[in-house]
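Student: I am new to this structure and would be grateful for a close look at a single part. Could you please take the cysteines and discuss how they are paired and placed?

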Amino acid sequence: MQETFLYDRNNDKNSSLKVWLAFPGIYAFGMSSIGYLSVFRALDELDDVFAERIFTDTKNTQIKPENVDVFGFSTSFELDFLSIFKLLEKYNIPLFSKDRDEFSPIIYGGGPVLSSNPEPFAEVFDFIMIGDAEDTKNILFETIRVNKGRKKSEILELISKIEGVYVPSLTQFSVEKNQVLTLSGDPYSVKKCTTQLDECIYTPILSEESYFSNTFIVEIARGCSNCCGFCQAAYLNLPVRFVDYEKIIEAIELGLKHTNKIALLGALICAHPRFDDICDYIINKVDNGENIEVSVSSLRADYVSEKTIEMLVKCGQRNATIAIEAGSERLRKVINKHLSEEQIFNMVKMAKEGGLHGLKIYAMIGLPTETQDDLIEMIDLIKRIKEMHKGFDLTVSFGTFVPKSHTPFQYCEREATKSLEKKYEFLKKEFHKMGVKIRCSSVKWDYIQAIMSRGDRRLSEYLVEVYRCGSNIGCFKNTYKEFIKKNKLPKSEKFALAPRSLSEANPWDFICLRPGIEALKKEYDRLLR
């Protein structure tokens, strides 16, 4: 397969430390993940380290399995563990860290799922990276490299002292206290690693076989100042950071030497202080005859300018995506999404008049305090948009609310599955009458995600059994029943549905990050009470 590397590689197969970095999916998906590729680049540039990418469809490897020193996994979703187990078994590596001997590679994981609540996976990984990997890679892998040949337990003890590195084997989980403790019984803590984003992160390797073929992705912002009550991505990435305009332009210029497809990435890209200038820069190139295709991540309706729409249309986009989350202004205020109906209508008007053909709208059901009236207001909102802009294509995608760790709504109750399914049926019926396309997430799979989002270390054994059983919905349900019978797990409702007391400790509280537990409690109080 043809790949274009946009950096100088180490690529010395005789390097003393040999690392596999795995993406829990096929090559096409992995090569579209800027997070995974940027971590690989960081490893690939280290002296005396030979790194190789591994995917679920990898057939042949450059490094022989028996010569791998470190085997890392980049995770973005809770269900990635299915592919992680598949890859470990493929290379004859025991799934539990306690079952591996000194000849097994050091197994580690990183990414947003593990940074938010690593406990369901604690018995799988030898160590876990908490937070951004950019600032710790050098000292971490240098420590492993210079100590190669020592006992694995000694190496893990050494790297546990590095900021952002969590070694589960050096801790214990107290069911009684609902806390992660040191082996001596004291409270344990690890600080999340946060990079300053001084440099522009961009796609380091272009591939025609990537899901977004030959697309050069540029991260222009990290984090979101809005901080919706449910949004883990916002809270995990505080403080909000914007890349300097000059470095963004420099990165785009590099990308355009190799491809005409550019994607701008960030939770709130339009809030970049110079986003209109970035749009002007791209528009000017197109007006001067350059063929450039630009795509963007989800837009905020209250930040989008006419310049943004002009840039998207001139660069070949027919549709854009906005997230409104809830149909009523009351409920949007509850979740801290201060987006008025007027702003939504203005954005739709601007999009159509600017030349876009349609919008994809993200929304949620089951949000805290939601009532039937809120659903009716959602239907009414979409109906009025459709009537005002005939011929404008609308698609509404719904997900269900999942309480996520490190957010104010981690304490909230999740609605029961049957109730959520009934709401979906109501919405499907009403949207069908309007002739508006609707897409809905799976309530049952969202329930599994909720279990893993607020679960504890006792889930590790359960997840392995689910994988061995076959990994379908039935396996998740039946295996959980068996674990309850054996008194190995509480009822699943405790993790997935039940509200949590503000005075109760959480399994993930040992991770220290801004704004801190007390601030989350105050925000929960402000939004809901």
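Tutor: A disulfide is a pair of cysteine sulfur atoms within 2.5 Å. The model shown here is a predicted one. By that cut-off, the sulfur of Cys-227 is too far for a bond, because the closest cysteine sulfur, in Cys-224, is 6.3 Å away. Cys-227 is also buried, as its relative accessible area is 11%. Cys-231 likewise takes part in no disulfide, with 6.1 Å between its sulfur and the nearest cysteine sulfur, that of Cys-228. Cys-231 counts as partly exposed, with a relative accessibility of 23%.

One disulfide is present in the structure. The cysteines that form this link are Cys-469 and Cys-475, whose sulfur atoms lie 2.4 Å apart. The angle about the S-S bond is -80 degrees, and the link of Cys-469 and Cys-475 is left-handed. As for their surroundings, Cys-469 is partly exposed at 43% relative accessibility, whereas Cys-475 is buried, with a relative accessible area of 5%.

The helices H16 (459–469) and H17 (473–485) lead to one further element, for both are included in what covers the buried residues of helix H15. Eight of the 11 residues of H15 (residues 443–453) are buried, so this helix is largely enclosed by the rest of the structure. Among these buried residues are Val-443, Tyr-447, Ile-451 and Ser-453. The cover over them also includes helix H3 (81–90), strand S20 (393–400), helix H14 (417–434) and helix H18 (492–496).

Terms used. Residues are numbered from 1 along each chain as its sequence is written. This is a predicted model: local features need pLDDT of at least 70, side-chain atom pairs count only at pLDDT 80 or more; totals for chains, interfaces and linings use all residues. Side-chain values use heavy atoms; hydrogens and water are left out. Buried means under 20% relative accessible area, exposed over 50%, partly exposed in between (1.4 Å probe, protein chains only). Helices (H or I, at least four residues) and strands (E, at least two) are DSSP runs, numbered from the N terminus. Contact means heavy atoms within 4.5 Å.
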